[in-house]
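Let's take a friendly walk through this model, looking at one helix and then at a few charged pairs. Keep the viewer open as you read.

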Amino acid sequence: MKKRQFGNSDLLVSSVGLGIMGMSPGMYGYTNDEDSIRTIHHALDLDVTLLDTADIYGNGHNERLLGKALKDRREKAIVATKFGFGPNYASVHGDPGYVKKAIDKSLQRLDMDYVDIYYLHRVDPSVPIEETVGAMSDLVKAGKVRYIGICEASADTIQRANAVYPITAVQSEYSLWSREVEDEIMPTIKALGITFVAYSPLGRGFLSGKLNQFKDLASDDIRRSFPRFQGENFKKNMELAEEIKKIATEKQVTPSQLALAWTLAKGVLPIPGTKHQQYLEENIAALEVKLTSKDLARIESASPKNVASGERMPEDGLKGVNL
């Protein structure tokens, strides 16, 4: 496994991480805890060290699952979790009192004494970022958190946050169909020495080549509510997915591997999510895919900025990004 420096920290992490959100019910269809734990263990055996969860995933189930999986393997993992969302994503909380209560609840569910990185899941517009980050820095001093991060924040907010306490990682959606962060956020992060962590680097599965029809999504799959997966948007976005599949076939790799190799070439750290060991192995193999400058130009020509049809989140979700 190739390793990389994690922002301004002393951590070396795997160049591809594992997002475990989909291992909880109510996310991406059917789940099975025993199978999920086997996948987490397989990831650790393959030296995938960065494991990403959040308190809101499965309303606490995801953290409990990860804690169970790491019961006797904690030292092998770099654990990242997040806070800020209220129940059912209905509200955002960044006040200092909430910060300190949230970490204690997460540590209890994880059955751990500390987490390696603690993210603010969304910026609370009613609380100055300086206050939220100040409270997060207190958690570092208390030994409950090693490093801190922030998700889906604007370039200005990232700079203000970093001025209070060093931000190790910024996490946002980034893939061949979500490239908005390239304009301002990524240059800011690079200048500050922060690692960019890309969630949904496979376009929530759309770029994997494994999704063909809307009806393939389980009835409780949250993607059914996302504009890019609905109606005419779905049909248009399938054209993009087919073009990526075509390029991947010519390169003799899978569409997932091509999409992940592109993100890696951009210098970011992708955390593709999967419940399945075979897809985990497929994703890791993207590290061996070599893309030439001609390959990159062709891929980006097929998938320029704003190419996707439909917003990347439902309207309520978009209200909390880039603040």
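**A helix and some salt bridges**

Just after helix α7 comes Q252, a residue with a positive phi, near 60°. Please keep in mind throughout that the model is a predicted one.

Now step back into the helix itself. Helix α7 covers residues 231-251, 21 residues in total. From its first C-alpha to its last α7 reaches 31 Å, close to the 30 Å expected at 1.5 Å a residue. Which residues of α7 are buried? They are F234, N237, M238, L240, A241, I244, I247 and A248. If you look at the numbering, a general point about helices helps: with 3.6 residues a turn, residues three or four places apart in an α-helix point the same way. As for what covers the buried residues of α7, the list includes α8 (255-265) and α10.

Helix α10 is a good bridge to the charged pairs, as E300 lies in α10 (residues 293-302). The side chain of E300 meets that of R179 in a salt bridge, with 3.3 Å from N to O. This pair links distant parts of the chain, 121 residues apart, with R179 sitting in the loop between β8 (167-173) and α6 (185-192). Are the two partners buried or exposed? R179 has a relative accessible area of 7%, so this residue is buried. E300 is at 22% relative accessibility and therefore counts as partly exposed; the cut-off for buried is under 20%. The pair also belongs to a wider network of salt bridges, which links R179, E182, D183, K266, E300 and K305.

Another pair that spans distant parts of the chain is R74 with D116, whose closest N and O atoms are 3.0 Å apart in a salt bridge. Here R74 lies in the loop between α2 (61-69) and β5 (78-83), D116 lies in strand β6 (residues 115-120), and 42 residues separate them. Both R74 and D116 are buried.

For a pair within one element, turn to helix α5 (residues 155-164), where D156 and R160 lie four residues apart, about one turn of the helix. Their side chains form a salt bridge at 3.9 Å, N to O. D156 counts as partly exposed because its relative accessibility is 46%, and R160 counts as partly exposed because its value is 32%.

If you would like to explore further, a search of the whole structure finds 30 salt bridges.

Notes
Residues are numbered from 1 along each chain as its sequence is written. This is a predicted model: local features need pLDDT of at least 70, side-chain atom pairs count only at pLDDT 80 or more; totals for chains, interfaces and linings use all residues. Side-chain values use heavy atoms; hydrogens and water are left out. A salt bridge is a side-chain nitrogen of Lys or Arg within 4 Å of a carboxyl oxygen of Asp or Glu. Helices (H or I, at least four residues) and strands (E, at least two) are DSSP runs, numbered from the N terminus. Buried means under 20% relative accessible area, exposed over 50%, partly exposed in between (1.4 Å probe, protein chains only). The expected span of a helix is 1.5 Å times one less than its number of residues. Contact means heavy atoms within 4.5 Å.
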